[in-house]
Amino acid sequence: MKISLKHLTAALLCICAAALTVSCVTEEENKWEGTKLVVKDWPEGVSRVSLNNGKWTLNLYEAKETMAYEYFTGNTVITIYYDRLSDSEYDKYFGYGIRTDSENPFKVFINGEEAENEAPLAEATLYDEKRELNVSKDYFRTSFDVTGIKTVELTFENAPEKIKNKDIRL
């Protein structure tokens, strides 16, 4: 039995088309459900928001929403990373952060409830002894039990400030 190149090509095209049709997933079939991270208004001075449950991490770099492939359960950590200073700014500024004595501190709310910043205060060594400064910098971090929460919506009050070197205190 002799198969012509024309028939072989046609057969291969039919097989490829059938394989593509079978492997294509419609948009409706592609819908999955999992924990959703939502940030509607992006604060100034923030570079990234991260939601991590130890297995999965959701990241946002702008105001929008993203969703995991499954629902998170148990202890989950939210980290809000601040912008970095340019090299030329370090002469005048310490970095982005939150001063403990700020009149308008950066606040984070998870589904409307204020979150506590668990990030450590910055430290300096004075006379061979480490001492805490009046600022937490680089990030805001908080942990909470996400079990039963399908959508984690973050809202903010104020923004991390660009802290001047002259405002740093022991």
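**Entry 1. Elements and confidence**

I take helices as DSSP runs of H or I with at least four residues, and strands as E runs of at least two. Counted that way, the protein chain has one helix and 14 strands. I note at the outset that this is a predicted model.

I looked up the confidence next. The mean pLDDT of the protein chain is 86. A score of at least 70 is reached by 82% of the residues. I then went to residues 16-30, where the pLDDT is below 50. Leaving aside near neighbours in sequence, I find two contacts for this stretch in the model.

**Entry 2. The four-stranded sheet**

I traced an open sheet of four strands. I read its order as β3-β2-β5-β12, and the pairing is antiparallel. Which strands stand at the edges? They are β3, residues 57-60, and β12, residues 139-145. Each has a single partner strand, so one side of each lacks a neighbour in the sheet. From one strand to the next, I get an average twist of 15°.

I looked into the pairing of β5 with β12. Strand β5 covers residues 75-82 and runs antiparallel to β12. How many bridges join β5 to β12? I find seven. For one register point I checked Val77, whose bridge partner in β12 is Ser143.

**Entry 3. The three-stranded sheet**

I moved on to an open sheet of three strands, ordered β11-β6-β14. Its pairing is antiparallel. At the edges I find β11 (135-137) and β14 (161-164), and each of them pairs on one side only. I also looked up the angle between neighbouring strands here. With direction ignored, they are turned by 65° against each other on average.

Strand β6 spans residues 93-99. I count three bridges from β6 to β11, and these two strands run antiparallel. What is the bridge partner of Gly97 in β11? I find Lys137.

**Entry 4. Whole-chain totals**

I closed with totals for the protein chain, which has 170 residues. I take buried as under 20% relative accessible area. By that cut-off, 30% of the residues count as buried.

The exposed area of the protein chain comes to about 11500 Å². Carbon and sulfur atoms supply 50% of that area.

Last, I looked at contact separation. I kept the contacts in the protein chain with a separation of 6 or more. Of these, 72% join residues 24 or more positions apart.

Note on methods: Residues numbered from 1 in each chain as written. Predicted model: local features only at pLDDT ≥ 70, side-chain atom pairs only at ≥ 80, totals over all residues. Heavy atoms only, no water. pLDDT = per-residue confidence, 0-100. Contact = heavy atoms within 4.5 Å. Pairing = 2+ DSSP bridges. Axes fitted to C-alpha atoms, helices over the stretch in contact; angles between N-to-C directions. Buried < 20%, exposed > 50% of the residue type's maximum accessible area, 1.4 Å probe, protein only. Areas by Shrake-Rupley, 256 points an atom, 1.4 Å probe, with all protein chains shown as cover.
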